[in-house]
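Please open the model in your viewer and keep the selection tool ready. Here is a short tour, stop by stop.

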Amino acid sequence: MSSLQWYYSHKIIILTSLLVVSLPAVIAGACTCNDESEHRSKSEALKYKLSSIGAVLVSGGIGVSLPLLGRKIEALRPENDIFFMIKAFAAGVILATGFIHILPEAFDTLTSPCLSQNPWGKFPFAGFFAMVASIGTLMVDTIATSFYKKMHFNKIKQVNVDEEASDEHAGHVHIHTHATHGHAHGAAIPDNESGVLDLVRQRIISQVLELGIVVHSVVIGISLGASDSPDTVKTLLAALSCHQFFEGMGLGGCISQAKFKSLTTTVMTLFFSFTTPVGIAIGIGISNVYEENSPTALVVEGILNSASSGILIYMALVDLLAADFMNPRMQSNVRLQLGANISLLLGAGCMSFLAKWA
């Protein structure tokens with residue numbers, strides 16, 4: 001539990017740092033690229049902004065909570081076939097979020113005419129930062145898994161040493177019986193170790209996935225909260241509500257498989273649910289000084305969106321889809337494969353459709 005607390009404390013520091021970096025960006029000087037033809041009304045937009053806080057909070061909370069009901073509803077438990085299809089749908093949503101929604105937005109932001117041609121117009125920085133974030137996620141994934149494996153094996157070794165010392169102290173010197181016992185004990189360990197390591201893996205996946213989602217949620221929340229266009233706010237309100245619901249399902253499925261304790265599950269659920277509303281609130285607070293087309297704001301937003309897309313694409317393909325679709329249970333069940341593939345396409349299609357308005 002102390003390791004999880006250590007991880008979360010560092011994650012909170014990282015996210016706080018991102019917000020601190022973002023705030024100077026949103027108060028940077030104005031650029032002449034603003035669209036003056038767009039209808040703007042602060043009082044009217046504020047009504048929709050306040051409504052969006054509640055709507056996004058509720059939709060995200062419901063989405064992330066549904067897979068967690070598997071602890072209460074037998075049909076939604078991870079060992080059932082329906083859970084594979086729900087998770088495939090959610091993975092499709094996350095994959096489309098990275099490819100269709102966030103990455104193109106990052107390209108548009110980092111190639112804006114408000115930015116100088118040199119260097120932003122001469123190199124595909126959005127793709128570069130997405131690639132770096134994907135590689136960084138792989139490194140974190142590998143190092144964290146290795147760290148937890150070593151911790152677990154050290155505990156196993158310590159337990160075995162203590163057992164042998166206890167046996168010798170008690171005078172168990174019957175060689176044949178002790179060897180037989182040792183053989184039986186050794187045969188039982190791999191299954192237990194496999195289960196523990198799989199659980200550790202699921203916990204790392206759920207935490208890294210939440211980090212990738214949260215970064216983008218803060219950015220898009222600030223964008224909504226800072227906008228003075230009622231039409232823009234209304235469009236984002238509808239899109240974000242569905243967006244948070246589907247992303248919540250994906251994250252909730254990972255949290256459910258990770259089998260965290262109730263407190264950790266509650267913290268992760270609330271952390272996801274409140275991130276976008278907090279971003280909206282920050283956007284409302286800084287709306288008087290926010291200039292969405294200022295060079296610094298565009299660069300910071302573009303880099304954060306690029307990194308977020310890289311994390312989500314990696315997690316969707318490697319940790320969610322590859323892990324489930326290569327699972328022996330799915331490989332041996334044609335109907336389950338068909339259902340999971342259809343669910344994947346539906347999830348990706350729904351999110352791609354929503355990206356048109358987001």
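The stops below run from annotated spans to a charged pair and then to a surface patch.

Keep in mind throughout that this is a predicted model.

**Annotated spans.** Start by selecting residues 52-70, 82-103, 123-148, 267-290, 302-322 and 334-355. The unreviewed UniProt entry annotates these as "transmembrane region". Now isolate residues 82-103. This span is 100% helix and 0% strand, and its end C-alpha atoms are 30 Å apart. Move to residues 302-322. Here too the figures are 100% helix and 0% strand, with 28 Å between the end C-alpha atoms.

**The charged pair.** Which residue forms a salt bridge with lysine 87? Select aspartate 324: the closest N and O atoms of the pair are 3.6 Å apart. The structure holds 1 salt bridge. Show helix 3 (residues 81-110) for lysine 87 and helix 9 (residues 295-325) for aspartate 324. The two residues are 237 residues apart, so the pair links distant parts of the chain. Switch on a surface. Lysine 87 is buried, and aspartate 324 is buried as well.

**The nonpolar patch.** Next, select Phe123, Phe128, Met131, Val132, Ile135, Met139 and Ile143. Together they form a nonpolar surface patch with about 660 Å² of accessible area. Zoom in on one of them, methionine 131, in helix 5 (residues 125-170). Why does methionine 131 count as partly exposed? Because its relative accessibility is 45%, and the partly exposed class lies between under 20% (buried) and over 50% (exposed).

Terms used
Residues are numbered from 1 along each chain as its sequence is written. This is a predicted model: local features need pLDDT of at least 70, side-chain atom pairs count only at pLDDT 80 or more; totals for chains, interfaces and linings use all residues. Side-chain values use heavy atoms; hydrogens and water are left out. Patches are made of residues with over 30% relative accessible area and no salt bridge: like charges are joined within 9 Å, nonpolar side chains (Val, Leu, Ile, Met, Phe, Trp, Tyr) within 5 Å. Accessible areas come from the Shrake-Rupley method with a 1.4 Å probe; for residues, only the protein chains shown count as cover. A salt bridge is a side-chain nitrogen of Lys or Arg within 4 Å of a carboxyl oxygen of Asp or Glu. Helices (H or I, at least four residues) and strands (E, at least two) are DSSP runs, numbered from the N terminus. Buried means under 20% relative accessible area, exposed over 50%, partly exposed in between (1.4 Å probe, protein chains only). UniProt positions are given in the numbering used here, feature names are shortened, and annotations may be inferred rather than shown by experiment.
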